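Trainee: I should like to request a close look at a single part of this model. Please treat its sheet in detail and then place it among its surroundings.

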Amino acid sequence: MTSWLPDLAAQRGPRYRAIAEALAEDVQRGALPPGARLPTHRELAWRLKVTVGTVSRAYAEAERRGLIAGEVGRGTFVRAAATPAPLLRLHDEAQPADLVDFAVHRPRAASEGPLLADALAALAGDPELAELMEYQPHAGRDRERAAGAAWIARSGGLAATPGRVVVTASGQHAMAAVLAAITEPGDGLAVEALTYPGIRAAASLLHLKLVPLAIDDEGVLPDALASACRGGRVRALYTLPTLHNPTTAMMPLERRRALAEVARRHQVMLIEDDVYGFLAERPLPALTSLAPEHGFYITATSKSFVPGLRVGYVHCPAALVDDVAAAVRAMTYTAPPLTARIASRWIEDGIADRLVAEKRAEAARRQHAAQRLLPQQSYRTSPGAAHLWLTLPEPWQGEAFAAAARQRGIAVTPAAAFATGRQVPRAVRLCIGTPPSLAAVAHGLARLAELLAAAPEGYLSVV
């Protein structure tokens, strides 16, 4: 363990942020080399004469930036590809008008705007409007829960029961509500070695310990989950088996069965995030359907309908529906009734299916553009996916490539934003579904192809 003690004399702002900034500076100048083990929260707090909570917040901020990674039972380490730059842009930051945004995942359909305008106008004349203006049941109204069950059955192939559906204020909210319902501070949450960054935020908020699991081209390895469970560290597994974010992997049926068996054997809860499942050309049975007594299935309207609706659905084990509803009550009391009503109407009248068909067709067009413009061996994807996993040639690293792409007006997300362990691959995620037009996608991909063929040194020297 290093005897690292940050110099806070020149730092401003809250103490936790000052510690994180000092850590970033020491990583950048090499004082904290890759693999260095940092002092424990308690030890650093004693040295700096601050609270343990302050150090915990500082380490959480450094982990968010991709500088460090915590490993259950071993400690906190400097990542091999650490970078002091924030990895995920904040949405309140001003963005150049001509930026090609491949960073935020947002599949598009041309009819979204007109359809939402019509839905808002119809909502004003809805005979249930007066009821919708009042407080609602925590799990959602019966009509919204039934619509959620129907959507889960259509998009995920799960035989959903309305009474086991809880309506939430987005997929992220669904994740947080499920975790709050089934875990306690200090519990282990197993995640893929590369995973959606939002789960890190939720786990940090609830003081859970992430347990990274090895993955391959088919997703998380069942043996890795079994090994973690034998260590007594795991309460639940969060996974994206369909069109995995960020790698686009499609977990085959046999792998799903093996994971479900491990969950049964070790009494681990499965949290299946299927927000991209609607895009899959040949969807497989939901992981949750293979272990229904151990599984939570989550989907949301942000990807399949429009992000602004902010409606999610979680299908729960029968015995835990009330616990999830109680977590929703504690967080938001209920999902937004007006937007939940719009989502229900779209599911009932077929508009949701129309949007899905448009988004699938648009994703296919954009994948064709990627095939034309990017080197064929440089990326992986799956049929229907609206994102690509771009592997970088040496000596490119993800953060350097993202910085160079930004100079060219292209926003991408480096692998460190998704890494839950110390090892970070040389890769970036490209969300080709996000730019507003196919022309913008083609423009951005052409520029990235040029960048792939260039040596990084020429870009890193630009101030």
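How many bridges join strand β5 to strand β9, and do the two run parallel or antiparallel?

Mentor: In this predicted model, strand β5 (residues 188-192) is joined to strand β9 (residues 236-239) by three bridges, and the two strands run parallel. Within this pairing, Val-191 stands opposite Tyr-238 in β9. Helix α8 (residues 197-205) packs on the sheet and touches β5, β6 and β9. The direction of α8 makes about 170 degrees with that of β5; since angles over 145 degrees count as roughly antiparallel, helix α8 and strand β5 are roughly antiparallel in direction.

The sheet to which β5 and β9 belong is open and has seven strands, in the order β4-β12-β11-β10-β9-β5-β6, with mixed pairing. Its edges are formed by β4 (165-168) and β6 (209-213); each has a single partner strand, so one side of each lacks a neighbour in the sheet. From one strand to the next, the twist averages 20 degrees. A further helix, α12 (residues 321-331), lies across β4, β11 (295-300) and β12 (312-315). The direction of α12 is at about 10 degrees to β4.

A second sheet may be set beside this one. It is open, with four strands in the order β13-β14-β17-β16 and antiparallel pairing. Its edge strands are β13 (379-380) and β16, each of which pairs on one side only. Two bridges join β13 to β14, with Arg-380 opposite Trp-389 in β14. Strand β14 (residues 388-391) is in turn joined to β17 by four bridges, and here Trp-389 stands opposite Arg-429 in β17. On the other pairing of β17, two bridges connect it to β16 (residues 413-414), where Thr-413 stands opposite Arg-429. Strand β17 (residues 427-430) is covered on both faces: Ala-427 and Arg-429 are buried on one side, Val-428 and Leu-430 on the other.

A helix pair completes the account. Helix α13 (residues 337-349) packs against helix α14 (residues 351-373) at an angle of about 80 degrees, with the axes 5 Å apart; the two are therefore roughly perpendicular to each other. Trp-346, Ile-347 and Asp-349 of α13 make the contact with Ile-351, Ala-352 and Leu-355 of α14. Of these contact residues, five are nonpolar, none is polar and one is charged.

How values were computed
Residues numbered from 1 in each chain as written. Predicted model: local features only at pLDDT ≥ 70, side-chain atom pairs only at ≥ 80, totals over all residues. Heavy atoms only, no water. Axes fitted to C-alpha atoms, helices over the stretch in contact; angles between N-to-C directions. Parallel < 35°, antiparallel > 145°, perpendicular 65-115°, else oblique. Contact = heavy atoms within 4.5 Å. Nonpolar A, V, L, I, M, F, W, Y, C, P; charged D, E, K, R; others polar. Buried < 20%, exposed > 50% of the residue type's maximum accessible area, 1.4 Å probe, protein only. Pairing = 2+ DSSP bridges.
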